[in-house]
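Reader: Could you walk me through this one and tell me how each label is earned?

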Amino acid sequence: MSEIASRLQHHFADEEQQYDAATFGMWVFLVTEIMFFGGLLMTYVVYRTTFPQVFAEASHHLNIYLGTFNTIVLIGSSLTMAMAVHSARLNHRNALAGYLVLTMILGSVFLGVKSYEYAHKWHEGLFPGNFFYDGPDAVHQRLFFSVYFALTGLHAAHMIIGIGIMAVMLRMTLKNSFDENWYTPVELTGLYWHFVDLVWIFLFPLLYLIERHG
Amino acid sequence: MQTSERKKPNYLNAEHTVASWLLTVDHKRIAILYLVSITLMFFIGGLMAGAIRTELLTPAGDLMSSDTYDKAFTLHGIVMVFFFLIPSIPATLGNFLVPLMIGAKDLAFPRLNLLSWYVYIVGATIGIVATVTGGLDTGWTLYTPYSTAYATTNVVLPAIGIFITGFSSILTGLNFIVTIHKMRAPGLTWFRLPLFIWAHYATSIVMVLATPVIAITVLMVVLDRGFGLGIFDPKAGGDPVLFQHLFWFYSHPAVYIMILPAMGVISEVIPCFSKKRIFGYNFIAASSLSIAVIGFFVWGHHLFTTPQSMYAAMAFSIISFAVAVPSAVKTFNWAATMYKGSITFEAPMIYAFGFMGLFLVGGLTGLFLGALGLDLHVHDTYFVVAHFHYIMVGGAIMAYMAGLHFWWPKITGKMYPEGPAKAAALIIFVGFNLTFFPQFLAGYAGMPRRYHYYPPEFQIFNVLSTAGASILGFGYLLPLCYLLWSLRHGREAGPNPWGATGLEWMIDSPPPPHNFDTTPVVNWEPYDYPAAHRDAAKDAVPEAASV
């Protein structure tokens, strides 16, 4: 009991206030993240409306099967993350550790596939610093790939950070830091991870699925 | 009573080690850390301003080369905007006062608060080192494609400095929003909050929504320069004007990050020295929020000379006029607060008067610039320079000085010397006007900004301006001297030297480490000034209320 009381920082009146503040703070942080990605997405919108055909053409250079696979992997990792938070709430320590590991594995699979895609683009000469593609309208194709690498790179950086945070959560779980009264860090990690997944849910159609019908 | 209070530890003397300062999570100590850092930045930026004004004394470019001059005004702009003005009031006075004013023991996330200071220090250091060693000549606006493709100076490091510093601003805003939502004392409803809190709430919204956009924008500049993304490079099919849109999407609201907290300070100072309840509380609170919201939709008025669509320009122009309405609401309400009040002229009040006069000029000339036709005439002239200095220096820094003097007794426990403070306030006011008013005339007559030589007919304006800048610089050095002097020799302030309302005045000066021994219960309205004025035993009110 004394251990739980010690988790209440001195400036909060009670644990409910502390929990509310932490989750509310995380939501506000996610709003800043939306604006952060928003600046890049705005860039995407401007160039896609300026060069619709070029973007559709360039989009076909992306591997739709790998993109779909990765989308499924990420949605799966959101499920395992949700299960991790659920296990934390029920104080099922082993399940929590297991789901955290599973989420980290799925996140790593995503990053692995992504780096394979990146390497492929490098060899095809579709990488902004290593651009030797000479198809039609190559200049504007390059613009598509600049935006593609900026967006997916930023997203991948967020995933790497997320996996790092999950490693910390795993360590805290194994050290018995959480119980059913206090698992706020797991909850916040979950919010973050779902946000990162959601970003991909937007990036996948915006980048891979331009004019793919018919 | 006096001696027993003396023995109680306060936040300044509770611990003495260097580590107790550098690792503190106390919002009051972090406010002091910020105060010291931004004061240093202010004088670095001020030094550059001095260099610029000295160069402009004569029409010929005789003191420095064009390249050096470009670097001087860029450093001045970057330091003053990103490393001084943005954190100025929120990170010092706001950090110190937000928890005190709402009856909380600290901000919601004390460690995040400390982190924000370290992030600020890292960002500012990178920015300063980069600009001092290599120098940056793009102007603080970093316009593309010059910054991405052509500038031979060091763009990447200062941009990274700005990127990093942005996160300290985001963390501060996030902390304030959560604190104001979740940490208010029992009974302290939204409409009992001091207007300083409303102003900081509105500021925090802008910080949280706008700052990430400048972060991603300068990141794109860095990537563009480093990896040739070509996003803003017309040769690669990119659109340099897109940068301007993204840049001003932050940098216009950033003006409200500077001016909204300033307005919050004024809303505290004026009722106190008029001994009168603030007039139109609800309207002032709402106007802070509407300035924050409307401020997000006016950025296009910085792009009237670009190929922005005519209809977009018209919309931006109308919305820019609209943002003047809530600003005017505040100004009228401050004037109405003073009407029939018992006005006294202590230094904070003189600064507040200075604020109102200068903000009025700055605001009204803003309407000139929001007008499509006139803006084409004065775009990129000294008229613009004068306008935004009236807002950012005449407005934000005057209010910062007002607040610093007003809460100095609370922060340090010592009174500043009133005579020198009044003199400094007047000197700054006179020096400011002499510096910047001639720039309106020079700009209107067509003198462009950012050149280190100019046709001789502009010399009279520049001589006046440089003379004013010398007075202004002297004026800013005075508070540095007498405020430091007061730390040792100032008279003991006591809990409430001004007879002010507000929870921060109901505790000792300097406050104890955890602010409130017992959480206060608020059952009174804000700015209850006639009552406080009549009540001789006003210091007894808090004890009675908190029981």
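Reader: What makes a stretch of chain A a helix or a strand, and how many are there?
Author: Helices are DSSP runs of H or I with at least four residues, strands are E runs of at least two, and both are numbered from the N terminus. By that rule chain A has seven helices and two strands, in the order α-α-α-α-α-β-β-α-α. This is a predicted model, where local features need pLDDT of at least 70 and side-chain atom pairs count only at 80 or more, while totals for chains, interfaces and linings use all residues. Residues are numbered from 1 along each chain as its sequence is written, with chains lettered from A and ligands numbered from 1 in the order written.

Reader: How do you know what span to expect for helix H7 of chain A?
Author: Take 1.5 Å times one less than the number of residues. H7 (residues 184-208) has 25 residues, so 36 Å is expected, and the helix reaches 36 Å from its first C-alpha to its last.

Reader: Why is A:Trp193 called buried?
Author: Because buried means 20 or more other C-beta atoms (placed from the backbone) within 10 Å of a residue's own, and A:Trp193 is on the buried list for H7(A). Also on that list are, among others, A:Val186 and A:Leu203. Over chain A, buried residues make up 34% of the 214.

Reader: What do the buried residues of H7(A) pack against?
Author: Helices H2, H3, H4, H5 and H6 of chain A. A contact here means C-beta atoms, placed from the backbone, within 7 Å.

Definitions and conventions. A residue is buried if 20 or more other C-beta atoms lie within 10 Å of its own, exposed if 12 or fewer, and partly exposed in between; C-beta atoms are placed from the backbone. Two residues are in contact if their C-beta atoms, placed from the backbone, lie within 7 Å.
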